[in-house]
Amino acid sequence: MQAANLSQATLNRAAGVLRHASKLRPQLAIVLGSGFGPVLERVEAAKEIPYAKLPGFPQPTVQGHAGKLVLGTLGGAPVAVLSGRAHYYEGHSMAEVTFAVRVLAEFGIRDLLLTNAAGGVNHRFRPGDFMRLTDHINFMGANPLRGPCPPGLTRFLDLSQVYDPALGGLLDKAAKAARVRWHRGVYLALSGPTYETPAEIRAFAHWGADAVGMSTVPEAIVARHLGLRVAAVSCISNQAAGLSPHALSHDDVLATAKDASRHTGALLEEFARLYGRP
Ligand code: HPA
């Protein structure tokens, strides 16, 4: 894979494309993971910008992840919605995986809602449930802040509170209104692309993980470094390895995420509505 040019100049050009595409200047951005796609149907007056038109944006390669950025309003609130994300397991560098977040910050986004599909480690979680992240365990083996530290940013970032309690409170309210099965818990991120072994899942449960997945944490770390508030939601697409008699497959994960996606539109629209008028 060819290394992308992710210089500050590229970043400024991408933010410039967004400024030219629409007059909207949203403060909220939402990254859609597997199963959260139907949210796009609820975005009004949408202006779609394919990632191919955004300098530095990697093209997602995974089924279930289109690649476009949508500017519009959701529940009355201006939003930037990213449909499709670059994953570390695809071979992208951490800088590529988190580039979109840096562009969003440059564009003026203040608050970031990250969504994903995840395996349930907590034995009370069932496919189709949702979990708001209260914290995470970074077990990806890499940190997106490794390397030179941009001037003006802290070298050793405090992560005692990655996920913002006020935004989390709005998510709790939205979940109630959307009548979804709702949990709060700890997300453990791995690089993938393999699913875990049952022994790993037993170990992660001891560590305090409630769900496992292959995304979100790099974006959350970079967003916090840039001073954005962050919230995150997992759609529990399956019970993690060893907790059910079934082998795991990406098709099953997508199928459950698609089934649960009936609720994701209502959940995120309600969140955006509350965000606009808390
Ligand atoms: N493990 C890791 N990532 C996942 C899973 C899982 O079980 N389900 C969806 N993403």
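How many bridges join strand S6 to strand S7? Select residues 130-139, which form S6, together with residues 182-190, which form S7, and you will find that nine bridges join these two strands, which run parallel. Strands here are DSSP runs of E with at least two residues, helices are DSSP runs of H or I with at least four, and both are numbered from the N terminus; two strands pair if DSSP finds at least two bridges between them.

Before going on, keep in mind that this is a predicted model, in which local features need pLDDT of at least 70 and side-chain atom pairs count only at pLDDT 80 or more, while totals for chains, interfaces and linings use all residues. Residues are numbered from 1 along each chain as its sequence is written, and side-chain values use heavy atoms, with hydrogens and water left out.

**Stop 1: the strands around S6**

With S6 and S7 still selected, pick out Asn-138, whose bridge partner in S7 is Ala-189. Then add residues 229-239, strand S9, which runs antiparallel to S6 and is joined to it by three bridges. On this side of the tour, Met-131 is the residue to select, since it stands opposite Ser-234 in S9.

**Stop 2: His-136**

Stay in strand S6 and select His-136, which lies there. Is His-136 buried or exposed? Its relative accessibility is 11%, and therefore His-136 counts as buried, where buried means under 20% relative accessible area, exposed means over 50%, and partly exposed is in between (1.4 Å probe, protein chains only). The side chain of His-136 makes a polar contact of 2.8 Å with the side chain of Tyr-163; a polar contact is a pair of N or O atoms within 3.5 Å, and within protein one atom must be able to donate a hydrogen and the other to accept it, while residues adjacent in sequence count only if both atoms are side-chain atoms. Leaving aside residues up to four places away in sequence, His-136 touches Val-162, Tyr-163, Val-186, Tyr-187, Val-217 and Ile-221, where contact means heavy atoms within 4.5 Å.

**Stop 3: the nonpolar cores**

Tyr-163 leads on to the largest nonpolar core, which has 46 residues, and Tyr-163 is among those with the most contacts inside it, as are Phe-57, Leu-69, Leu-82, Val-103, Leu-104 and Leu-112. Such a core is a set of buried Ala, Val, Leu, Ile, Met, Phe, Trp, Tyr and Cys residues joined through side-chain atoms within 4.5 Å. Helix H3 (residues 99-107) supplies the largest share of this core, namely six residues. A second, separate core of 32 residues includes Leu-113, Leu-170, Ala-272 and Tyr-275.

Now select Phe-57, which touches Ala-14, Tyr-51, Leu-69, Leu-82, Phe-99, Ala-100 and Val-103, not counting residues up to four places away in sequence. Within H3, the residues Phe-99, Ala-100, Val-101, Val-103, Leu-104 and Phe-107 are buried, and the helix is followed by Gly-108, whose phi is positive, near 115°.

**Stop 4: Arg-85**

Move from Phe-57 to Arg-85, which is 28 residues apart from it in sequence and 9.3 Å apart in space, C-alpha to C-alpha. Arg-85 lies in the loop between strand S4 (77-83) and helix H2 (94-97), and it counts as buried because its relative accessibility is 4%. Its side chain reaches the backbone oxygen of Thr-115 at 2.9 Å, and a polar contact of 2.7 Å joins the side chains of Arg-85 and Glu-219.

**Stop 5: the ligand**

Show the ligand and the residues that surround it, including Ala-117, Gly-119, Tyr-195, Glu-196, Met-214 and Asn-238; each has a heavy atom within 4 Å of it. A polar side-chain atom of Asn-238 lies 2.7 Å from a nitrogen atom of the ligand, and a backbone N or O atom of Gly-119 lies 3.3 Å from a nitrogen atom of the ligand.

**Stop 6: unusual backbone**

Most residues other than glycine have a negative phi, and most peptide bonds are trans. Select Gly-192 and Pro-193, which are joined by a cis peptide bond with omega about 5°; Pro-193 is in the loop between S7 and helix H5 (198-207). Finish with Ala-45 in strand S2 (residues 44-50), where phi is positive, near 50°, and with Thr-216, which has a positive phi of about 75° although it is not a glycine. Ala-45 is exposed, with a relative accessible area of 73%, whereas Thr-216 is buried at 0%.
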